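Please find below a few notes for your reading of this entry, set out as numbered points. They are meant to be followed with the sequence and the model side by side.

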Amino acid sequence: MSEAMSGKQVFEVVFDAEGVAVGKMRNEVTLTARAPFTSVNMLATDEGPFQGGEGTAPTPLEFFLTGLVGCLMTQIRAFSRKLKIEVSDVKVRCRAEWTAETGTVGPYEGSPRGFHLDVDVVSDAPAEDVARLVEAAKRGCFVEQTLAVPNTVTHRLRINEGAWTDA
């Protein structure tokens, strides 16, 4: 069945991120949204003294968790309008856990143990409608969906401005 016949609409979501190392452990990352909207923003990351940084910006993990929580909250509010389910307040708490073990290649290797989200919604809507809203928001949260399904991460490496190779 074609998209037109099924009534489904498909749209692309494309972002580019380019980081530059500045300072001891600080990185400045330019984020360019390509589709379905365009924007350019810069975010800095740093590490605290534990990793040799100066704590001048949030750590990459802090941004990662902010993205997860913020994405789900945004989708709940956006979908509440589209599904016509009134919501007067939303709070999301995330507990994220990893284990770091001595590595075979580097100093350590990180393994995720899980992400546990508590979603607190204030609404006069029936509980079934709020549950349906949250389920829709979970499915619409690109960050959560990235964590929920097997995914592919590819890398290329270039040394001293030579040729790119798969890494």
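1. A residue is called buried when its relative accessible area is under 20%, and exposed when that value is over 50%. The model under discussion is predicted, and with that cut-off in hand one can turn to S80, whose relative accessibility is 9%, so that S80 counts as buried.

2. As for its setting, S80 belongs to helix 2, which spans residues 60–83. If the neighbours within four places in sequence are left aside, the residues in contact with S80 are Q75, I85, V87 and L133.

3. Turning to the sheet, one finds an open arrangement of 3 strands in the order 1-2-3, with antiparallel pairing. Its edges are formed by strand 1 (14–22) and strand 3 (39–45), each of which pairs on one side only, and the twist from one strand to the next averages 20°.

4. The pairing of strand 1 with strand 2 (residues 26–35) is antiparallel and extends over 9 bridges; as a point of reference when checking the register, V14 has A35 in strand 2 as its bridge partner.

5. Strand 2 and strand 3 also run antiparallel, and here 7 bridges join them. V29 offers a reference for this pairing, since its bridge partner in strand 3 is L43, while the connection from strand 2 to strand 3 is a hairpin of 3 residues.

6. When side chains along the sheet are inspected, it may help to recall that in a regular strand they alternate between the two faces of the sheet.

Key:
Residues are numbered from 1 along each chain as its sequence is written. This is a predicted model: local features need pLDDT of at least 70, side-chain atom pairs count only at pLDDT 80 or more; totals for chains, interfaces and linings use all residues. Side-chain values use heavy atoms; hydrogens and water are left out. Two strands pair if DSSP finds at least two bridges between them. Helices (H or I, at least four residues) and strands (E, at least two) are DSSP runs, numbered from the N terminus. Axes are lines fitted to C-alpha atoms, for helices over the stretch in contact, and angles run from 0 to 180 degrees between N-to-C directions. Buried means under 20% relative accessible area, exposed over 50%, partly exposed in between (1.4 Å probe, protein chains only). Contact means heavy atoms within 4.5 Å.
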